[in-house]
Amino acid sequence: MEKNVLSSLLRINRHYRRFIKAALLPHRYIGVMHLIVLYAARRPGASQEEIACFYALDKTSVARDARRLEELGHLTRRTAPENRRQYQLFLTYAGERMIGIIDGVTAQYGQTLSANISPEDWRLLAGLLVRLEENACSAP
């Protein structure tokens, strides 16, 4: 039973990644750039390491994509006052505008995903997924 659930979650994630990749490509977003922008919007001044840890991503990928976002003018990286080897990330106006685009793409995919699912079933699924995520985060 668990194999089917995990397999389904992985396939849904692959479809979502393909969908968001295609939708954000015209904005020159690749890799995990959208995740960095979303995190920096929620937590201005977050470090690249914090983002890598939260999303369970490779630190090098986060650093590379943060640099690309800075080159696009969507992010500024400032040296952390307490640790000169660490960068704090802040969105620019262009980065803030991308939040609406990313949210729109995510909402569009969410509508497709939730077709023919009742609000009650959706709430139940959301609760179960939160518990799964908590279990995943506590795994070694």
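Where in the chain does Ile117 lie? Ile117 sits in the loop between α5 (93-113) and α6. Here are some notes to help you find your way around this structure, which is a predicted model.

1. **The overall layout.** The protein chain has six helices and three strands. Reading from the N terminus, you will meet the elements in the order α-α-β-α-α-β-β-α-α. Along the principal axes, the C-alpha atoms fill a box of roughly 50 × 35 × 20 Å.

2. **Inside and outside.** Of the 140 residues in the protein chain, 25% are buried. The accessible surface amounts to about 9900 Å², and carbon and sulfur atoms hold 55% of this area. Among contacts with a separation of 6 or more, 53% are between residues 24 or more positions apart.

3. **A nonpolar patch.** Back to Ile117: together with Val5, Leu9, Ile12, Leu113, Trp122, Leu125, Leu129 and Leu132, this residue forms a nonpolar patch on the surface, with about 660 Å² of accessible area together. Two elements, α1 (2-24) and α6 (119-138), each give two or more residues to the patch. The most comes from α6, with four residues. Ile117 itself has 36% relative accessibility, so this residue counts as partly exposed.

4. **Charges.** The protein chain carries 20 positive and 14 negative charges, and the mean positions of the two sets are 7 Å apart. The count of salt bridges comes to three, and the next points take them in turn.

5. **Asp65 and Arg68.** These side chains meet in a salt bridge at 3.1 Å, N to O. Because they are three residues apart in helix α4 (residues 59-72), about one helical turn separates Asp65 and Arg68. The partners sit in unlike surroundings: Asp65 is buried at 2% relative accessibility, whereas Arg68 is partly exposed at 27%.

6. **Glu71 and Arg67.** Helix α4 also holds this pair, four residues apart, which means that about one helical turn lies between Glu71 and Arg67. Their side chains form a salt bridge at 3.8 Å, N to O. Glu71 is exposed, with 62% relative accessibility, while Arg67 is partly exposed, with a relative accessible area of 38%.

7. **Arg77 and Glu70.** Which side chain meets that of Arg77 in a salt bridge? The partner is Glu70, at 3.0 Å, N to O. Arg77 has a relative accessible area of 18%, and buried means under 20%, so Arg77 counts as buried. Glu70, at 31%, is partly exposed.

Methods. Residues numbered from 1 in each chain as written. Predicted model: local features only at pLDDT ≥ 70, side-chain atom pairs only at ≥ 80, totals over all residues. Heavy atoms only, no water. Patch = residues over 30% accessible without salt bridge, like charges linked within 9 Å, V, L, I, M, F, W, Y side chains within 5 Å. Areas by Shrake-Rupley, 256 points an atom, 1.4 Å probe, with all protein chains shown as cover. Salt bridge = Lys/Arg side-chain N within 4 Å of Asp/Glu carboxyl O. Buried < 20%, exposed > 50% of the residue type's maximum accessible area, 1.4 Å probe, protein only. Contact = heavy atoms within 4.5 Å. Lys, Arg positive; Asp, Glu negative; His and termini not counted. Charge placed at Lys NZ, Arg CZ, Asp CG, Glu CD.
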